[in-house]
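Please look over the sequence and the structure shown here before reading on. The report that follows takes up strand pairing, the chain fold and the contact between chains.

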Amino acid sequence: MKTLKIFIILFIIINFSQSKSNEKNDDLKNKILKNIRCLICQGQSVYDSESDFAFSIKLIVDRKISEGLKEELIYEFLRGKYGDWIIYDPKLNKKTYILWLLPLLLFLLGGAIMRKKLKFTN
Amino acid sequence: MKNKINLFIIIFFLGFCFVIFYKGLNNSSIYTPKNINKKNIPIFEAKDLNSSAYLNSKKIFQEDSFYIVNIWASWCAPCRAEHPLLMELSKNQSVKVIGLNYRDNLNNAKKFINELGNPYFQSIIDSDGTLSVEFGAYGVPETFIIDKNKMIIKKITGPINEKIVEEIKLIIK
């Protein structure tokens, strides 16, 4: 009877941890798919699309996650096949640095102007 | 003096925005896929369309020759249109045409080949489209030229035409 109880507890623990890890993988998969552009659709992510292309990408991402690949490596794989365009969130490189730095520069410029104005009114 | 600096900053900012938007106007709004040139062929294993035996990429691309990988499907109308050109290319001794059947009904695929002729040195199946992703394809039809070093040197998105066939012939010469 005692052994049976131990078995049941072990079974529940294993099942619970497995479902937790599946849930985690699903969350990661959805996060990645929402950040991948469907290249043959207009304004849709792979997550939203039902196209053949999106279907294949979903399978590939699922497979890569099961193989234990990290999120960044999956993006790297897709970038290697289709270029930077496939990822919604662009990486900071020589082609995208203006995109990343311009808002920061404008923010600093605005801050500087405001500071000067405030000093002037005081 | 201060007013002049402010005016200069505003004019500079507006000028900068104008240049960015003006340049943007000249950009095409149609996304053209980037040609991923000089890439190694993917390592894969796939089923043969006729025998259902598994073949690996090493075996498929084992000969010292140029290869053309053509992604096709029986349900794809442009594939039907480009088929006679593939038949023409398959007669060329210095190139081997590999057919990658994309998400298709196998019976329909076989019917398509029987009806229009078989230009393929080897026909493999990509039932879920993942092998096409490994090649960097978007859909069907798509054609990849592979050189003797087993590198993808050209990618053609959409059906091939007479002009592209001439280009291919020049490459494999």
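## Strand pairing in chain B

Two strands are said to pair if DSSP finds at least two bridges between them, and helices and strands themselves are DSSP runs, numbered from the N terminus. With that in hand, and bearing in mind that this is a predicted model, one can follow β2(B) to its partners: in β6(B), the residue bridged to D48(B) is I124(B). The two strands concerned, β2(B) and β6 (residues 122–126) of chain B, run antiparallel and are joined by two bridges.

Strand β2 (residues 45–48) of chain B also pairs with strand β3 (residues 54–56) of chain B, again in the antiparallel sense, and here the pairing extends over three bridges. Within this pair, E45(B) is found opposite N56(B) of β3(B). The two strands make up a hairpin in which five residues lie between β2(B) and β3(B), and S52(B), in the turn, has a positive phi of about 65°.

## Fold and extent of chain A

The secondary structure of chain A consists of four helices and zero strands, which gives the pattern α-α-α-α when read along the sequence. Chain A is more spread out than a compact globule, because its radius of gyration is 23 Å, well over the 14 Å that the globule rule gives for 122 residues. The C-alpha trace of chain A spans about 85 × 45 × 25 Å along its principal axes.

Burial and contacts can be added to this picture. Among the 122 residues of chain A, 14% count as buried. Of the contacts in chain A with a separation of 6 or more, 38% are between residues 24 or more positions apart.

## Domains of chain A

The domain assignment divides chain A into domain 1 (2–91) and domain 2 (92–122). Taken over C-alpha atoms, the centres of domain 1 of chain A and domain 2 of chain A are separated by 37 Å.

## The contact between chains A and B

Which elements of chain A give two or more residues to the side that touches chain B? The contact as a whole takes twelve residues from chain A and ten residues from chain B, and on the side of chain A the elements in question are α2 (52–66) and α3 (71–82). Of these, α2(A) gives the most, with seven residues. Sorted by class, the side of chain A that touches chain B has eight nonpolar, two polar and two charged residues.

Notes
Residues are numbered from 1 along each chain as its sequence is written. Chains are lettered from A and ligands numbered from 1 in the order in which they are written. This is a predicted model: local features need pLDDT of at least 70, side-chain atom pairs count only at pLDDT 80 or more; totals for chains, interfaces and linings use all residues. The radius of gyration is taken over C-alpha atoms; the globule rule is 2.2 Å times the number of residues to the power 0.38. A residue is buried if 20 or more other C-beta atoms lie within 10 Å of its own, exposed if 12 or fewer, and partly exposed in between; C-beta atoms are placed from the backbone. Two residues are in contact if their C-beta atoms, placed from the backbone, lie within 7 Å. Domain bounds come from an automatic or database domain assignment. Ala, Val, Leu, Ile, Met, Phe, Trp, Tyr, Cys and Pro count as nonpolar, Asp, Glu, Lys and Arg as charged, and the others, Gly among them, as polar.
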